[in-house]
Amino acid sequence: MKKTVRSPGSATIINAIATGFGSAFGIGLDIICDAKSTSESITCSNDVGADDKLMKLCVEKVFNHYDINDSDFGIDLKTKSSLPMASGLSSSSASSNAIVKAVSSIVSEEFNLKSLNDMEIINMAIDASLDAGVTITGSFDDATASYFGGVVVTDNRKREFILKEKMEEHPILVYMPNFYSKSGDSNPDRMKLLSSLVETAFEFAKQKNYFKALNLNGLIYSATLGFDSKIAVDALEAGALASGLSGTGSSFVAIVSDDSIDEVKETWSKYEGRVLETCVDNRGCQLL
């Protein structure tokens, strides 16, 4: 049996590390997971040369839930990505969502067992990411923005929604510098130093003033993590509706209009790295 799942990444509105409260929205860059059943064992591969620890943990979580032994039944996984790894665009959340959804769909059909619901898939994917050490908070905001698409405002500690809705479909630009920054390697204590300012940004998000929230959050975390906030300010000066650091970096995102997209791209082209063009994603994680 074969299943293919597409799962989008997400961009940060509020990084949850400082306060435990976060906000994110789905973007059009994604991970495609091809899964097929085999007679035994778990085999994993990806097109970006990433460690397969998270991939295997996701499969093991599903197998444990259904009491499946990999000596009696197996899964072969392959993922391909248009989503840059270790860049603050929720590649780990997108990957774990896609894998858990694909594998659980195969197992439930193969053995005529009850399918996992959406929140069971998300929580299993988050648990795998925590066990793999690729997230600090569990990234409930990133995981749910990836899974459902649209925009979410969340309590990451309780894994609860404050807001969840479709987002206006703007073009999105992503500036990718020539280096990476893994979320699991970040220093949460340093980020919590400015938690009172992040709380102010979060109030904007709760009021659905997502652009102000993204701008302020980006400035705060850029200062804390040592990224150049001028990148975001340049985008705003060129006409972006909002711009800021995504996750713990290294990418910056800009929400733009059709009228400003070329100016922002030109502004960012002076920095070393590359600029990716995508869009808001309101579809979320889907079986193809």
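This passage walks through some helices, salt bridges, a charged patch and a few unusual backbone spots.

The structure is a predicted model, in which local features need pLDDT of at least 70 and side-chain atom pairs count only at pLDDT 80 or more, while totals for chains, interfaces and linings use all residues. Residues are numbered from 1 along each chain as its sequence is written, and side-chain values use heavy atoms, with hydrogens and water left out.

A good place to start is helix α2, which covers residues 91-110 (helices, H or I with at least four residues, and strands, E with at least two, are DSSP runs numbered from the N terminus). Its 20 residues reach 28 Å from the first C-alpha to the last, close to the 28 Å expected at 1.5 Å a residue (the expected span is 1.5 Å times one less than the number of residues). Of these 20 residues, 17 are buried, so α2 is largely enclosed by the rest of the structure. Here, buried means under 20% relative accessible area, exposed means over 50%, and partly exposed lies in between, with a 1.4 Å probe and protein chains only. The areas themselves come from the Shrake-Rupley method with a 1.4 Å probe, and for residues only the protein chains shown count as cover.

The structure holds 13 salt bridges, each being a side-chain nitrogen of Lys or Arg within 4 Å of a carboxyl oxygen of Asp or Glu. In one of them, Asp-281 pairs with Arg-6, and the closest N and O atoms are 2.7 Å apart. Asp-281 sits in the loop between β10 (274-279) and β11 (286-287) and Arg-6 in strand β1 (residues 2-14), so this pair ties together parts that are 275 residues apart in sequence. Both Asp-281 and Arg-6 are buried.

Asp-234 is worth following too. Its salt bridge with Lys-230 has closest N and O atoms 3.2 Å apart, and the two residues lie four residues apart in helix α8 (residues 230-237), about one turn of the helix. Asp-234 is buried, with a relative accessible area of 8%, whereas Lys-230 is partly exposed at 42%. Asp-234 also forms a salt bridge with Lys-270, where the closest N and O atoms are 3.3 Å apart. That pair links distant parts of the chain, as Lys-270 is in the loop between α9 (261-268) and β10, 36 residues from Asp-234 in helix α8. Lys-270 counts as exposed, at 54% relative accessibility. Elsewhere, salt bridges that share partners join Arg-6, Asp-30, Asp-281 and Arg-283 into one network.

On the surface, Glu-40, Glu-60, Asp-70 and Asp-72 form a negative patch. Patches are made of residues with over 30% relative accessible area and no salt bridge, with like charges joined within 9 Å and nonpolar side chains (Val, Leu, Ile, Met, Phe, Trp, Tyr) within 5 Å. Lys and Arg count as positive and Asp and Glu as negative, with His and the chain ends not counted; a charge is placed at NZ of Lys, CZ of Arg, CG of Asp or CD of Glu. Glu-60 belongs to helix α1 (residues 53-66) and is partly exposed, at 36% relative accessibility.

Finally, the backbone. Most residues other than glycine have a negative phi, and most peptide bonds are trans. Asp-67, however, has a positive phi near 55°; this residue is in the loop between α1 and β4 (74-81) and is exposed, with a relative accessible area of 71%. Asn-112, which follows α2, has a positive phi near 55°, and its relative accessible area of 71% makes it exposed. The peptide bond from Gly-249 to Ser-250 is cis, with omega near 15°, and Ser-250 is placed in the loop between β8 (242-245) and β9 (252-255).
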